[in-house]
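Dear colleague,

Please find the structure below, handed over to you together with its sequence. After it I set out what was found, beginning with a surface feature and moving on from there.

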Amino acid sequence: MKRKILVLIMTVAVISAVFVGCGNNNNKETTTTTTTTTTTTTMPSTSTTTSTTNKMQEDLTKASEKASKNASNAATDLSEAASKTGDAAKNAVGK
């Protein structure tokens, strides 16, 4: 009986932590800093600019794909953890 109560309390604590961690934070304190910089440059040739732009696009695409994969893995891990927590709570209550 004590174990069932402990598991139930732990389940409530985990769910509460998820809601607190994912809650909307409307922090009204903001700091704004403005910096002005003047730079004089010469323009590179068109081929160099195109090559650099293509490389940047490739890098951004790779980073986007990696971020998407990491987010998907995190969602899967969270789903599995929530399922295990639910199963443990169900077992503790005895249903």
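To begin with a single residue, Ile5 has a relative accessible area of 43% and is therefore partly exposed, since that class lies between the buried limit of under 20% and the exposed limit of over 50%. Please keep in mind throughout that this is a predicted model. Ile5 has its place in helix H1, and together with Met1 and Ile9 it forms a nonpolar patch on the surface, the three residues having about 350 Å² of accessible area together.

As for the chain as a whole, it contains two helices and zero strands. Of its 95 residues, 3% are buried, while the accessible surface comes to about 8800 Å², with 58% of that area belonging to carbon and sulfur atoms.

The pocket search may be of interest for your own work. The largest pocket has a volume of about 160 Å³, and its lining consists of Thr11, Val14, Ile15, Val18, Leu78, Ala81, Ala82, Thr85 and Gly86. Helix H1, which covers 2-21, and helix H2, which covers 46-93, each supply at least two residues of this lining, although H2 gives the most, with five residues. Sorted by class, the lining has six nonpolar and three polar residues, and no charged ones.

Which parts of the sequence does this lining bring into view together? Both helices contribute to it, and one pair of lining residues, Thr11 and Ala82, illustrates the point: the two are 71 residues apart in sequence, yet their C-alpha atoms are 9.7 Å apart in space. Ala82 itself lies in helix H2, and its relative accessibility is 49%, so it counts as partly exposed, given that exposed would require over 50%.

Turning to charged side chains, the structure holds one salt bridge. In general, side chains of opposite charge can pair when their charged atoms come close. Here Asp59 forms the salt bridge with Lys55, and the closest N and O atoms are 3.2 Å apart, which is within the 4 Å cut-off and therefore qualifies. Both Asp59 and Lys55 lie in helix H2, where they are four residues apart, or about one turn of the helix. Asp59 is partly exposed because its relative accessible area is 37%, and Lys55 likewise counts as partly exposed, at 45% relative accessibility.

In short, the items to look at in the model are the nonpolar patch of Met1, Ile5 and Ile9, the largest pocket with its lining from H1 and H2, and the salt bridge between Asp59 and Lys55.

With best regards

Terms used
Residues are numbered from 1 along each chain as its sequence is written. This is a predicted model: local features need pLDDT of at least 70, side-chain atom pairs count only at pLDDT 80 or more; totals for chains, interfaces and linings use all residues. Side-chain values use heavy atoms; hydrogens and water are left out. On a 1 Å grid over the protein atoms alone, a cavity is a set of points where a 1.4 Å probe fits but cannot get out, and a pocket is an open set with protein on both sides within 12 Å along at least five of seven lines; lining residues have an atom within 4 Å of a point. Grid points are joined across faces, edges and corners, and a volume is the space filled by probe spheres set on the points. Ala, Val, Leu, Ile, Met, Phe, Trp, Tyr, Cys and Pro count as nonpolar, Asp, Glu, Lys and Arg as charged, and the others, Gly among them, as polar. Patches are made of residues with over 30% relative accessible area and no salt bridge: like charges are joined within 9 Å, nonpolar side chains (Val, Leu, Ile, Met, Phe, Trp, Tyr) within 5 Å. Accessible areas come from the Shrake-Rupley method with a 1.4 Å probe; for residues, only the protein chains shown count as cover. Buried means under 20% relative accessible area, exposed over 50%, partly exposed in between (1.4 Å probe, protein chains only).
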